[in-house]
Amino acid sequence: MPDAAASLERLAEVAALERTPDRKRMLVIVNPYATTMSDRLKHLVVYALQGRFQVHAVDTQRKGHGIELCREAAQEGYDIVVAFGGDGTVNEAANGLAGSATPLTCLPGGATNVYCRMLGIPTDVVDATEHLLRLADDWRVRRVDLGRVNGRWFVFSAGMGLDASVVERVDRNPKLKARLGPWYFTQSAVATFLRRYTLRPPQLEVLVGGQTLEGVSAFIQNGRPYTYFEGRPIDLTDGSELDSGDLSGVVLDRAAPFDVPSVLFRALSKHARVARHRHVTEFGPAHDVLVRSADGRPVPVQVDGDYVGTSEEAAFGVAAGALKIVC
């Protein structure tokens, strides 16, 4: 932290010397509970950004608060919103900015920062702040797609079944999540699978492209990769880019104890593909995917690594170019 603080202070000094009167208006929404967040870090980053932008920073106070803040920012005509936190903060920002003229960018503050990586934004907060300062002189807005499930937008992935159950478990233990990072996700995935999916797994029907697939979990992505394990991308399919206008995904068709190691091996391998596992079925490109419980039991749902509750049916879609970004 001392090295980061010194670096951010130097960035701020340089940016202040280059300050211009026509600075763009920036709203920074901060998740104060994000894995790597602290008040000192937040203040140093904001101080640095003020050299090139008119910055207003606000802490989120509760779930959904980021959505409200970003809707207000779009209505007030902010030039850009920065989601400073993890992928949950990014998701809320995207839900508030969807369809508006205000673009989004992000600064890493979470455990994984998948969307930062996908956009090519450094995952070190000092490097990411310097990157954002440079954007003031190279302002290029692009449009990317947003996925949607039951009225909730997602920026890169969503799922119904196992991954949502894992996220639910991980979110109940934020200290372990912060300390162990992706290894805690892995341990939780194995434990959740053995406890909840081998004896009486949910039974799902996935309706996509005129066919019905049966399984125990569905994984949907709006871009590649599906997620990261530390710095390694985890690809479930070869389809769907952030601006391809479609969705892709896979269905895990059964839950046997010896399936978990082989699926995890393929997920982490540089060469073996998850979609080629004999109990995984790949689908896409698709614009609409309907996943429903075949036995009437509500099934967990996640968006961008955040658990959003249970449902007996999840309708997935995509809106091409629905979000403006600067990266």
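These are my notebook entries on a predicted model, covering its overall make-up, one open sheet, one enclosed helix, a buried aspartate, several salt bridges and an alternating strand.

**Entry 1: the chain as a whole**

I began with the totals, and I found 10 helices and 18 strands in the chain. Of the 327 residues, 54% are buried. I then looked up the contacts with a separation of 6 or more, and residues 24 or more positions apart account for 74% of them. The accessible surface comes to about 14,500 Å², and carbon and sulfur atoms hold 49% of that area.

**Entry 2: the open sheet**

I next traced an open sheet of 6 strands, whose order I noted as β14-β13-β10-β7-β16-β17, with antiparallel pairing. Which strands stand at the edges? They are β14 (280-286) and β17, and each has a single partner strand, so one side of each is left without a neighbour in the sheet. For the twist, I noted that neighbouring strands of this sheet are turned by 15 degrees against each other on average, with direction ignored.

At the β14 edge I checked the pairing in detail: strand β13 (residues 247-252) and β14 are joined in the antiparallel sense over 5 bridges. As one example of the register, V250 has E282 in β14 as its bridge partner.

**Entry 3: D304, a buried acid**

I turned to D304, which I located in the loop between β16 (299-303) and β17 (306-311). How far away is the nearest side chain of opposite charge? It belongs to R152 and is 7.0 Å away, and D304 is buried yet has no salt bridge. The cut-off for a salt bridge is a side-chain nitrogen of Lys or Arg within 4 Å of a carboxyl oxygen of Asp or Glu. Leaving aside residues up to four places away in sequence, I listed D87, N91, F154, V155, F156 and S157 as the residues that D304 touches.

**Entry 4: helix α4**

Two of those contacts, D87 and N91, led me to helix α4 (residues 87-97), where 11 of the 11 residues are buried, so the helix is largely enclosed by the rest of the structure. The buried residues of α4 include the charged D87 and E92, together with N91 and N95. Just after α4, I noted that G99 takes a positive phi of about 80 degrees.

**Entry 5: salt bridges**

Side chains of opposite charge can pair when their charged atoms come close. My count for the chain came to 11 salt bridges, and I looked at several of them one by one.

The side chains of R52 and D137 meet at 2.8 Å, N to O. R52 lies in the loop between α2 (39-49) and β2 (53-59), and D137 in the loop between α6 (125-135) and β5 (141-149), so this pair ties together parts that are 85 residues apart in sequence. Buried or exposed, for R52? R52 is buried, with a relative accessible area of 11%, whereas D137 counts as exposed at 59%.

In the salt bridge of K63 with D306, the closest N and O atoms are 3.9 Å apart. K63 sits in the loop between β2 and α3 (65-75) and D306 in strand β17, so the pair ties together parts that are 243 residues apart in sequence. Here K63 is exposed, with a relative accessible area of 67%, while D306 is buried at 16%.

The salt bridge between D138 and R140 has its closest N and O atoms 2.7 Å apart. I recorded D138 as partly exposed at 35% relative accessible area and R140 as exposed at 59%. Elsewhere, salt bridges that share partners join R224, D235 and E241 into one network.

**Entry 6: strand β15 and its partners**

Last, I followed strand β15 (residues 288-293), along which the side chains alternate. V289, V291 and S293 point to one face and are buried, while D288, L290 and R292 point to the other and are not. In a regular strand the side chains alternate between the two faces of the sheet.

I found two antiparallel pairings of β15: strand β8 (residues 204-208) is joined to it by 4 bridges, and strand β18 (residues 313-326) by 5 bridges. Taking a residue from each face, I noted that V291 is the bridge partner of V206, and that R292 has E313 in β18 as its bridge partner.

Terms used
Residues are numbered from 1 along each chain as its sequence is written. This is a predicted model: local features need pLDDT of at least 70, side-chain atom pairs count only at pLDDT 80 or more; totals for chains, interfaces and linings use all residues. Side-chain values use heavy atoms; hydrogens and water are left out. Buried means under 20% relative accessible area, exposed over 50%, partly exposed in between (1.4 Å probe, protein chains only). Contact means heavy atoms within 4.5 Å. Two strands pair if DSSP finds at least two bridges between them. Axes are lines fitted to C-alpha atoms, for helices over the stretch in contact, and angles run from 0 to 180 degrees between N-to-C directions. Accessible areas come from the Shrake-Rupley method with a 1.4 Å probe; for residues, only the protein chains shown count as cover.
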